[in-house]
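Please open the model in a viewer and keep the sequence panel visible. The tour below proceeds by selection, and each stop states what is to be found there.

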Amino acid sequence: MTTPAVGAAKTLMTVGEFWEFVNRPENMDRLFELRRGEVVEMSRPKKPHGIVAANIARVLGNYSFAVNLGYVLSNDTGVVLEETPGTVVGPDVAYCVDANNYDDVEPKWVESPPVLAVEVLSPTDKPREVNEKISEYLRAGVKVVWLADPEVKTVTVYRTNHHHVILKPDDELTGGDALPGFSCKVADFFRLPGDRPPAPPQPPTP
């Protein structure tokens, strides 16, 4: 076995090399991201994570069909944020507008920045790494990032040159300039069919 020399420069993987790496037969059932040239293996999400991601994808999908624009990605689809050093991440959900017909969608990874990237927190996520990933999205040109927390049922909204905003279940989440006309309750992301929607506020008793 060869041991690298002390102080030797680390070999960083390119986006093209990462494509070949993840498509090797032994890696097809594993989850990876490329973070500034370094390969990071991701763990399989648990059920609450999957439920929240699916709910968000459904709500965004309804929006895209209502406005007849773009498409929604799920299942950690690869998004290229930077060529050098190579950075390829898999947002839990993303909304893109670089194609409007299925046959026009490129068969590989997303190379144009999504309008929206959504990350759903997992218990094993480290705050520093989450913050770094959000910063990478915004630097790459993603207009807005949502960070959904299944444990406390909040969504934190990040935009370039804006302070982040934390929204609670009863708050209204709007799309702003990035998603014109989009609006839903934060609680919609953390609900199953058996959960009743919150009751509307009652007028004061005279």
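## First stop: loops with unusual backbone angles

Select lysine 153, which lies in the loop between β8 and β9. This structure is a predicted model, and its backbone has several points that merit inspection. Lysine 153 has a positive phi of about 60° although it is not a glycine. Its side chain and backbone together are partly exposed, with a relative accessible area of 40%.

Move next to asparagine 161, in the loop between β9 and β10 (165-167). Here too phi is positive, near 65°, in a residue other than glycine. Is asparagine 161 buried or exposed? Asparagine 161 counts as exposed, because its relative accessibility is 76% and the threshold for that class is over 50%.

Now select threonine 84 and proline 85 together. The peptide bond that joins threonine 84 to proline 85 is cis, with omega near -10°. Proline 85 belongs to the loop between β4 and β5. As background to these three sites, most residues other than glycine have a negative phi, and most peptide bonds are trans.

## Second stop: the whole chain

Zoom out and colour by secondary structure. The chain contains three helices and 12 strands. Its C-alpha trace spans about 80 × 35 × 35 Å along the principal axes. Of its 206 residues, 39% count as buried. Among contacts with a separation of 6 or more, 54% link residues 24 or more positions apart. If a surface is displayed, the chain exposes about 13200 Å², and carbon and sulfur atoms supply 54% of that area.

## Third stop: helix α2

Select residues 47-67, which form helix α2. This helix has 21 residues and reaches 30 Å from its first C-alpha to its last, close to the 30 Å expected at 1.5 Å a residue. Show the side chains of the buried residues, which include His49, Val52, Asn55, Ile56, Leu60 and Tyr63. What covers the buried residues of α2? The cover includes β3 (71-74), β6, β7, β8 and β12 (183-185).

At the end of the helix, select valine 67, which is still part of α2. Valine 67 is partly exposed, with a relative accessible area of 37%. Add Leu69 and Val97 to the selection: with Val67 they make a nonpolar surface patch of about 210 Å². Asparagine 68, which follows α2, has a positive phi near 55°.

## Fourth stop: the nonpolar cores

Hide the surface and select Ile56, Trp146, Leu173 and Leu179. These four touch the most other members of the largest nonpolar core, which has 27 residues. The elements that give two or more residues to this core are α2, β6 (93-96), β7, β8 and β9. The largest share, seven residues, comes from α2.

Centre the view on leucine 173. Setting aside residues up to four places away in sequence, leucine 173 touches Trp146, Val155, Val157, Leu167, Phe182, Ser183, Cys184, Val186 and Phe189. Apart from the core of leucine 173 lies another core, of 18 residues, among them Leu73, Val79, Val89 and Ala99.

## Fifth stop: helix α3 and arginine 35

Select residues 127-140, helix α3. It has 14 residues and reaches 20 Å from its first C-alpha to its last, close to the 20 Å expected at 1.5 Å a residue. Which residues of α3 are buried? They are Val130, Lys133, Ile134, Glu136, Tyr137 and Leu138. Display the surrounding strands to see what covers them: the cover includes β1 (31-35), β4 (79-82), β5 (87-89), β7 (116-120), β8 (144-149) and β9 (154-159). Just after α3, glycine 141 takes a positive phi of about 110°.

Finish at arginine 35, in strand β1. Arginine 35 counts as buried because its relative accessible area is 17%, and the cut-off for that class is under 20%. Which residues does arginine 35 touch, not counting those up to four places away in sequence? Its contacts are Val40, Gly86, Thr87, Val89, Glu129, Glu132, Lys133 and Glu136. Two of these contacts, Lys133 and Glu136, are also among the buried residues of α3.

How values were computed: Residues numbered from 1 in each chain as written. Predicted model: local features only at pLDDT ≥ 70, side-chain atom pairs only at ≥ 80, totals over all residues. Heavy atoms only, no water. Helix = DSSP H or I, 4+ residues; strand = E, 2+ residues; numbered from the N terminus. Expected span 1.5 Å × (residues − 1). Buried < 20%, exposed > 50% of the residue type's maximum accessible area, 1.4 Å probe, protein only. Contact = heavy atoms within 4.5 Å. Patch = residues over 30% accessible without salt bridge, like charges linked within 9 Å, V, L, I, M, F, W, Y side chains within 5 Å. Areas by Shrake-Rupley, 256 points an atom, 1.4 Å probe, with all protein chains shown as cover. Salt bridge = Lys/Arg side-chain N within 4 Å of Asp/Glu carboxyl O. Core = buried A, V, L, I, M, F, W, Y, C linked by side-chain atoms within 4.5 Å.
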